[in-house]
Amino acid sequence: MAPETRSSVVRIARLVWADRLGRVGLLLLAATFVVAILGPIVLPFDPTLVGTSAKTILAPPSGGHWLGTDELGRDVLRETIQGAQVSLLVGLVATAISMLVGSFIGIAAGYTLGLADDILMRLTDFFLALPTLPLIIALAALFGQSTVILILVIGLTSWPSTARIVRSQVLSLRERQFITRVRSLGATDYRIVTSHILANVLPLIFANTVLVIAGSILSEATLAFLGLGDPVHVSWGTMLHFAFETGATGRGAWWYILPPGIGIVVVVLGFILSGHTLDRILNPRLRNR
Amino acid sequence: MFQLGYLVRKLASLLVTLFAVAVFNFALFRILPGDPIRLLARAGNLNAEAIQRLHELYGLDQPLPIQFLIYLRNIATAQFGTSITYQRPVADILAERMASTIVLLFAATILVVVVGIVLGVVAASRRGSRVDNGAVVGSLIFWSLPTFWTGLILIFVFGVYLHVLPVSGTSLPGVTHTSWIAHAIDVGRHLALPTITLALVDIGQFVLITRSSLVDVLTEDYILTAKAKGLSRRAVIWRHGVRNALLPVVTTTALYVSLIIGGAIQVETVFSWPGMGRLMYDAVLRRDYPILEASFLIFAVTVVLANLLSDLLYQVLDPRVRQA
Amino acid sequence: MSLLEVEDLSIRFRTASGFVRAVDRVSFQLERGEMLGIAGESGCGKTTTALALPRLLPETAETTSGQVRLNGRNLLGLTEREMERVRWREVAFVFQGAMNALNPVFTVGSQILEPIRLHEPETSEEAARIRADELLEQVGIPARRGREYPHQFSGGMRQRVMIAMALACRPKLLIADEPVTALDVMVQAQILELLRRLRTELGIAMILISHDLSVIAESCDRAIVMYAGRVAERGSVETIFSRPEHPYTRALIGAFPDITGERVLVDGIPGAPPDLRTPIPGCAFADRCGLVIDACRATEPLLRPMGDGHTVSCHLAGGTR
């Protein structure tokens, strides 16, 4: 990373920290990552450690199980900690795919204009018009429930909004003086894009990324809740799926329903607060809000 | 009000999009998975005669373009196939479920629009105050809540602990009501929690959009003109401000419809509300592809139509973009 | 009693870096049917003064002293409710840059009707609509165009609409802030002609604000020249333009080329206006004045009457030229 980029990242991070909402967001994210990375080392989850008798199934919190047990008698606290990893992993990787595809299409469309732009934008608008949840449900149902498929499904359905934002930014950049000047100096398109356009579009992409991560994590949780999660790698959504299917709500087993849900809310809120603040910082028009 | 040329163009564009949706649906459910028989019926219990019937119905041994035409014909005649689970025509099942979903969506939308706009306006007109900050933080939190989990929590609080509202179905099972009012109240009580759950996330989004839009509008010169005319602050904000602030909000209609459909699927599942969302959930569990395919098509078409309506609505509201 | 008496008006703005004294003890009077011009460069406080009269200043503004008496009644002491009844009915405003001063989603006619319905609810729908039509005709716009939207009008026509709208409730005072600045010369002349005609026909007093001295010279009876929030010179247009006493006024007049006079090199005024965040002990123009003496920086010159309603705030007024 070039030194200027690094210092501006630090500067932006400081600005986010200075904002009250931004600070809360960053703290929530820090907490989540600590739990996700260190948690399974400190409190590992063994999915084979099932309960032995009826009393140990869906049992309320006790000395042995701080957050009670699930429908198989397993420890909810450790299961929740473990679930953090899957939820975060799917959310982050899916977003990475989405951002790459979206940015590429947005830059390609915005920079080349003409027929390519037309086609790409029609494609983007079409995908934007498809209802999100029904689409990812259909895709997951058709193509399987492995974590990889989930990542692909979520990643390949959330790129359109990024593509549009990137494209409009590229369009306005194109008109700016310095592009014309650089081109008249003989710079190739490739160089213009990589050196100049990317540098100016990157902050916007970054702010958008944070919000897309929040959406991806929610999508994964929803898919898992609806029964389309990876049964092997249990995420928070899957936990809630089994909680629901085995009647934990009716039985009043709040210890099974609250922790995974709170986990989701904490990490999503963390990204949304950070992203909201980032948006305000990077988008000068929004600064007075 | 609308020029004929404009309407014709809009209609043509609509048809093209609908066609694209049909193509996409076809590709998704027929081409990509490889063997369509696997999707159309549970392969295990099919005899040769049943397979033959399927081949006829869907033209499976015909070349792809012909298959697509047959597909289009089937859609046009509401021939969505037979449900694997229920062994009934999918079209019938859809027809039964549609009303419940429409009622739910309708109720939730009213709640979202009214609460969202009012709160957004109040927040914007008192920018920087505690009400405003509270509204923004609250909206951001609501935006982060997974709809299905919110439903579970509400079931807990209001259904299991407080026991004040029903948490499943549209009305009390096995009870016949004396009057239609009693029936309406019963449905209403059943509608309460699902509606609130569904509305919560979208209210958050609406508040934020309305607020930021109005904050922008209130910096415009014509707002000062309105004040200079001697209009009260309330009149300035609502008659001149909100009217203009709603324009960007209208453009988010398509996004809203997509979100509320996604929310409805979750809410119907959690509250056992017998609508199309719940139908889709059950179909996923049992891999009932004919239902999945038809449900997806209906939802996609709904969003496309909602898009068209919002475009037309925008034309009505903003004289600057009207085709003169 | 004059129609409008502004006495000792001071206004400051709250900013992140302290208070900015935008208007400093400004006083002037306006008689019925008279047209007063307020001149000065941008940032001198003329718009702030104008907005203060119908109390349209933003939240960040504080009026720290002074009175604004309309027919003897101090407007600064009224409640907001009472002000709402004064606005437009007695004091109307034509804003700078009518481009965005009209609401884009309402027809022009309905925006003219709005103040009529608000301030004169007893007027019937029919009568109100007839009056709106007449107002449009009066400013030279065919009445049927009242059904159109602001974006369908050119800049000059929008300005006329603003003027028609301002006259809707037959105000006693019309304030026009840079009414012709964004318009081309031909349209400028038309609009100024319109304002003059309306003043004669309807007997409305007007305040015309402009950084363009020729506009003021052409249309106004009396004028005020403002600098850094203070009044530099006051008097009849004739006096000020033929016998300007304040060095700033002279520089301002010299800065505008005269098409009929001798060929002169146009002198810009070197330097920049002072920072209004810090109080200025002496004359605000001291740093840019060619005739500055020590007294100028030490004490602030008071407004000195030169006879005939002509007052100047300069230590050297009446002396060397």
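Is the crossing of α5(A) and α13(B) left-handed or right-handed? Before coming to that crossing, it helps to look at chain A as a whole, keeping in mind that this is a predicted model.

Chain A holds eleven helices and zero strands, so that a reader who follows the chain from its N terminus passes through α-α-α-α-α-α-α-α-α-α-α. The C-alpha trace of chain A spans about 80 × 45 × 30 Å along its principal axes, and of the 289 residues in this chain, 46% count as buried. If one takes the contacts in chain A between residues with a separation of 6 or more, 70% of them are accounted for by residues 24 or more positions apart.

Now we can turn to the place where a helix of chain A packs with a helix of chain B. Helix α5 of chain A, which covers residues 132-143, and helix α13 of chain B, which covers residues 289-317, have axes 10 Å apart and pack at an angle of about 155°. Because angles over 145 degrees count as roughly antiparallel, this angle makes α5(A) roughly antiparallel to α13(B). As for the question at the start, the crossing of α5(A) and α13(B) is left-handed.

Which residues meet in this pair of helices, α5(A) and α13(B)? From α5(A) come A:P134, A:A138 and A:A141, and they meet B:L292, B:S295, B:F296 and B:F299 in α13(B). When the residues of this contact between α5(A) and α13(B) are divided by character, six are nonpolar, one is polar and none is charged.

Definitions and conventions
Residues are numbered from 1 along each chain as its sequence is written. Chains are lettered from A and ligands numbered from 1 in the order in which they are written. This is a predicted model: local features need pLDDT of at least 70, side-chain atom pairs count only at pLDDT 80 or more; totals for chains, interfaces and linings use all residues. Helices (H or I, at least four residues) and strands (E, at least two) are DSSP runs, numbered from the N terminus. A residue is buried if 20 or more other C-beta atoms lie within 10 Å of its own, exposed if 12 or fewer, and partly exposed in between; C-beta atoms are placed from the backbone. Two residues are in contact if their C-beta atoms, placed from the backbone, lie within 7 Å. Axes are lines fitted to C-alpha atoms, for helices over the stretch in contact, and angles run from 0 to 180 degrees between N-to-C directions. Angles under 35 degrees count as roughly parallel, over 145 as roughly antiparallel, 65 to 115 as roughly perpendicular and the rest as oblique. A crossing is left-handed if the near helix is turned anticlockwise from the far one by less than a right angle, and right-handed if clockwise. Ala, Val, Leu, Ile, Met, Phe, Trp, Tyr, Cys and Pro count as nonpolar, Asp, Glu, Lys and Arg as charged, and the others, Gly among them, as polar.
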